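Here's a walk through how a few helices and a sheet fit together. Have the sequence and the structure open as you read.

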Amino acid sequence: MSSLVLDLGHFSSNGVSQGRKQNKALNMAKDRERSCLRLQRMIIGRRIGVFIAFFISALSFLMLLSVTRVTNPKPAIDGISPTSTASNRQIVNMSSSPPFQRREKLSRQLTFPIQRIDIFQQVPSFSSDHPLPYGHPCEGFKLPPPPADKKRTGPRPCPVCYLPVKKAISEMHISSTMDLPIHRLSYLEESSEFEHEEGMTATSFGGHPSLEDRKDSYQIHKNMKIHCGFAQGIKPGSRSGFDIQEADWDDMKSCTGVVVASAIFGNYDRLKQPVNVSKESSKRVCFFMFVDEETHQHLDTYEIEHGIWRVVIVRNLAYEDARRNGKIPKLLLHRLFPNAKFSLWIDGKLKLVVDPYQVLERFLWRRNVNIALSRHYRRFDVFVEAEANKAARKYDNATIDAQIAFYQSEGLVPYNRKKSLFPSDVPEGCVIIREHTPVTNLFMCLWFNEVDRFTSRDQLSFAAVRDKLIGKIPLRLSMFLDCERRNFVVQEYHRDILEQRSISLMHSAVRSTDPTFLTSKRHRRSSNRQKIGSESIAAAM
């Protein structure tokens, strides 16, 4: 009997639980039907606009999030540039790496449409020599992440992968001029019977080219004759506005390989000797430092006699402005060294700290380009650069405005990364690495003519000349990172700033040891304390 009761009880409980489950399933089905009906009413009814707006806003948010993830690395890398810190100034020298396959030399022919040369913006974690051929010692080298210290927002050096000097020399290759559209480039001279014509605003050193002459200089021919400085005189260096001794001129003509050159005019900078120069470079590379008589008087005699620089005194300079005089050797090295194959220009404020052959291999031969210079670490647009020059009073504001207005009338527009072939329109022109060919010589001549005609701020005229020539000649130009430039040169302040700092330090040192000053300082402090005490007592009373 008991077993029957138990069985009946078990049977009844199972029936109740099954009924509950069926009711729950029916309720869930009804809830789903009600939800579907609500959704249909919302879509069909008046709430459809709210629903569509919500969907569009969600989609826009997802798109914005994806774009932000792609573009965030660029400013972080651009912010890795200057102050010379030992931790960031690393030279990766791949001497123990296995031999690599020599890459096939890229065609020297100009192909249309022109492909983007510098792809760093698309691969921000790689250095500007990416991509490299398989097996290269520097293959896989990446830039470090940006510094974690957000307070240090200024430019810094970043590591660069150099080859050993002997390997770098073995990578040297000289471009053939047979396939170039310009076979011979010669230069105009100005006769003594010169008459000034309308539209001629440049100087006698530049040859007073008219606007029509300027226009003709961009028409490419196999044999070209253009204005390129030194328009007066017998030859460059002799009664031409940049006069040097005959012995110096003979030595400059004997440089047939690599030239490293710099200049200090107006006693603006101190002489800085290059360091880490190999024995091969000491024997084979020409190091020339051009100075005026004022600067020469302040140079250390020991450095002149025992340093690596060959100091050349320049007399009868063409311009009153020392900075404009510095543009003559900077942009016209091919005229001062007519037989040189490669040149490395560094401004007088810089100190070279890497071997020249390693610099040439890394930034010129490895990229298969014929001219390389760094971009500005912060500014990419010529219009922004012009405003920065005006704010810093680098030149007369009206002249800067006239130059930019002239370029704008010729079609210069604000920089647009998506439309430009290059990562910037503003160079940091204190370093120029190039091969001396008719193509690069033409570019440098036309660049100098703009400096001669307008302001001495060569950053303002660079893009105008480049964009006029690109597509007409095979100008293989690379604009590498500013932080990479700061790896092989160290920047110092101009002489006047350094002297002001030394004077202020000397005064502070004298004050700290002068008993009279210390006594008077203590007396002032005690007088102030007494005065404060008397005032507080009077207030209390």
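The angles below run from 0 to 180 degrees between N-to-C directions, with axes fitted to C-alpha atoms. Keep in mind that this is a predicted model.

Let's start with a helix pair. Helix 10 (residues 322–331) and helix 15 (residues 438–453) have axes that come within 10 Å and cross at roughly 175°. Angles over 145 degrees count as roughly antiparallel, so helix 10 is roughly antiparallel to helix 15. On the helix 10 side, the contact uses Arg324, Lys327, Ile328, Lys330 and Leu331. Helix 15 brings in Met444, Trp447, Phe448, Val451 and Asp452. Sorted by type, the residues of this contact are 6 nonpolar and 4 charged, with no polar ones.

Now for the sheet. It's an open one of 7 strands, in the order 7-6-5-8-11-10-12, and the pairing is mixed. Strand 7 (310–314) and strand 12 (477–480) are the edge strands, each pairing on one side only. From one strand to the next, the twist averages 25°.

What is the sense of pairing between strand 6 (residues 286–292) and strand 7? They pair in the parallel sense, over 5 bridges. Met289, for instance, has Val311 in strand 7 as its bridge partner.

Two helices meet this sheet, and here is how they sit against strand 11 (427–435):

| Helix | Strands involved | Angle to strand 11 |
|---|---|---|
| Helix 12 (residues 356–365) | lies across strands 5, 6, 8, 10, 11 and 12 | about 95° |
| Helix 15 | touches strands 10, 11 and 12 | about 150° |

So helix 15 turns up twice: it packs on the sheet, and its axis also comes within 10 Å of that of helix 10.

Technical notes: Residues numbered from 1 in each chain as written. Predicted model: local features only at pLDDT ≥ 70, side-chain atom pairs only at ≥ 80, totals over all residues. Heavy atoms only, no water. Helix = DSSP H or I, 4+ residues; strand = E, 2+ residues; numbered from the N terminus. Parallel < 35°, antiparallel > 145°, perpendicular 65-115°, else oblique. Contact = heavy atoms within 4.5 Å. Nonpolar A, V, L, I, M, F, W, Y, C, P; charged D, E, K, R; others polar. Pairing = 2+ DSSP bridges.
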